[in-house]
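Q: Please pick one part of this model and look at it closely. After that, I'd like to see how it fits with the rest of the chain.

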Amino acid sequence: MSSDTTATDSSATARTAPDGFTAEPLPIPASLDDASAGPFHEMTALRNAVARDTYASDDFVLPAEVLLPGYEPSDYERRDGRLIREHGRLVGRVLLDLPLTEDVEMAKVMLEIHPDARGRGFGSAAYEVGERLAREAGRTEIRTWVVHREVVGPRIPSPTGVGDVPALD
């Protein structure tokens with residue numbers, strides 16, 4: 001994770017951040033039994049709540065034991081992350097995967113907001129944090145992907161002409 005030890009990263013998002021927004025570094029514990037593992041367990045619960053809501057099943061729900069190895073340092077990629085909070089309550093996460101050997105101009109940014117916090121500006125503010133972290137890491141390109149729930153209602157067509165996404169998700 002980032003060597004940033006600040007309690008919050010909210011200064012860069014003051015323009016769009018909702019009331020109570022903070023973005024704190026995601027600490028990666030050496031062990032899930034460590035006293036410092038609380039935020040990782042909390043992040044895992046949020047991740048799984050988002051997966052259940054998105055896929056309407058437990059097919060993509062994973063325990064912390066399975067997730068932790070993916071956050072450990074590697075010679076090929078560095079992962080950085082922030083926990084998004086509303087008045088201290090975890091409502092989202094933003095993760096950056098930063099390649100170290102190929103595509104070093106690129107950052108993969110993944111953002112998840114708890115269903116109860118959507119539509120109130122947390123996603124936009126979290127994206128600003130992710131964009132700033134990518135810039136600070138010297139990255140000039142952001143890649144991401146989006147998985148949407150299937151909801152009834154209007155659709156937004158892709159600018160490429162291939163596919164669409166639900167306007168209300």
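**A close look at one loop glycine**

A: Let's start with Gly121, which sits in the loop between β4 and α3. Helices (H or I, at least four residues) and strands (E, at least two) are DSSP runs, numbered from the N terminus. The model is predicted, so local features need pLDDT of at least 70 and side-chain atom pairs count only at pLDDT 80 or more, while totals for chains, interfaces and linings use all residues. Residues are numbered from 1 along each chain as its sequence is written, and side-chain values use heavy atoms, with hydrogens and water left out.

Gly121 is partly exposed because its relative accessibility is 25%; on this scale buried means under 20% relative accessible area, exposed over 50%, and partly exposed in between (1.4 Å probe, protein chains only). Setting aside its neighbours within four places in sequence, Gly121 is in contact (heavy atoms within 4.5 Å) with Thr16 and Pro18. A C-alpha distance adds to that picture of Gly121: Asp19 is 102 residues away along the chain, yet the two C-alpha atoms are separated by 9.4 Å.

The two elements that flank this loop also lead us to the largest pocket. Among the elements that give two or more residues to its lining are β4 (106-113) and α3 (122-136), together with α1 (38-55) and β3 (89-99). A pocket here is an open set of points on a 1 Å grid over the protein atoms alone, where a 1.4 Å probe fits and protein lies on both sides within 12 Å along at least five of seven lines; lining residues have an atom within 4 Å of a point. The volume of the largest pocket is about 950 Å³, counted as the space filled by probe spheres set on the points. Its lining holds 33 residues, and those nearest the centre are Leu111, Glu112, Ile113, Val146 and Val147. Sorted by class, the lining has 18 nonpolar, seven polar and eight charged residues. For that sorting, Ala, Val, Leu, Ile, Met, Phe, Trp, Tyr, Cys and Pro are nonpolar, Asp, Glu, Lys and Arg are charged, and the others, Gly among them, are polar.

Follow the chain past α3 and you come to Ala137, in the loop between α3 and β5 (141-143). Ala137 counts as partly exposed, because its relative accessibility is 26%. Beyond its neighbours within four places in sequence, Ala137 is in contact with Arg78 and Leu98. The C-alpha atoms of Ala137 and Gly123 are separated by 21 Å, with their positions 14 residues apart along the chain. On the other side of β4, Asp103 lies in the loop between β3 and β4. Its phi is near 55°, a positive value in a residue other than glycine, and a relative accessibility of 36% makes Asp103 partly exposed.

Helix α1 also gives residues to the pocket lining, and two of its residues are worth a visit. Thr44 belongs to α1 and is buried, since its relative accessible area is 6%. Away from its neighbours within four places in sequence, Thr44 touches Leu62, Pro63, Ala64 and Leu67 through contacts. Ala51 is in α1 too, and at 7% relative accessibility Ala51 is buried. With neighbours within four places in sequence left aside, the contacts of Ala51 are Ala56, Ser57 and Phe60. The C-alpha atoms of Ala51 and Gly130, 79 residues apart along the chain, are separated by 20 Å.

Ala56, one of those contacts of Ala51, is found in the loop between α1 and α2 (64-67). Ala56 is exposed, because its relative accessible area is 70%. Its phi is near 55°, again a positive value in a residue other than glycine.

Now step back to the whole chain. The protein chain has three helices and seven strands, and along the sequence they run β-α-α-β-β-β-α-β-β-β. Roughly 45 × 35 × 35 Å is the box that its C-alpha atoms fill, taken along the principal axes. Of the 169 residues, 36% are buried. Among contacts with a separation of 6 or more, 54% join residues 24 or more positions apart.
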